[in-house]
Amino acid sequence: MVEVKVRKFGNSLGVILPKEVLNRLNSTDGERLFLIEAPDGDYRLTPYDPAFEKKMTKADEIVSRY
């Protein structure tokens with residue numbers, strides 16, 4: 001478990017992710033991360049957008065039919 005602290009950045013709030021976390025997410029400065037709400041109410045931070053992946057999978061199915 002990694003603990004982060006919520007801090008004020010101008011008029012916003014944010015967290016700073018430690019280098020180890022960014023390495024595990026294969027993420028660098030400026031890349032997008034997605035905070036996904038799980039069915040049990042928890043949140044998951046991920047480097048990819050599952051909704052986009054679902055759309056691309058559907059598109060692949062449609063393209064393969066034609």
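Start by colouring the chain by burial: buried residues, meaning those under 20% relative accessible area with a 1.4 Å probe and only protein chains counted, make up 8% of the 66 residues. This is a predicted model, in which local features need pLDDT of at least 70 and side-chain atom pairs count only at pLDDT 80 or more, while totals for chains, interfaces and linings use all residues. Residues are numbered from 1 along each chain as its sequence is written, and side-chain values use heavy atoms, with hydrogens and water left out.

Next, switch to a cartoon view and follow the chain from its N terminus, where the pattern reads β-β-α-β-β-α; helices (DSSP runs of H or I, at least four residues) and strands (runs of E, at least two) are numbered from that end. The radius of gyration, taken over C-alpha atoms, is 16 Å, well over the 11 Å that the globule rule gives for 66 residues, so the chain is more spread out than a compact globule. That rule is 2.2 Å times the number of residues to the power 0.38.

Now select helix α2, residues 50-65, and show the side chains of K58 and E61, which lie three residues apart and are therefore separated by about one helical turn. Here E61 forms a salt bridge with K58, the closest N and O atoms being 4.0 Å apart; the term requires a side-chain nitrogen of Lys or Arg within 4 Å of a carboxyl oxygen of Asp or Glu. The structure holds one salt bridge. Both partners are partly exposed, a class between 20% and 50% relative accessible area, with E61 at 39% and K58 at 46%.
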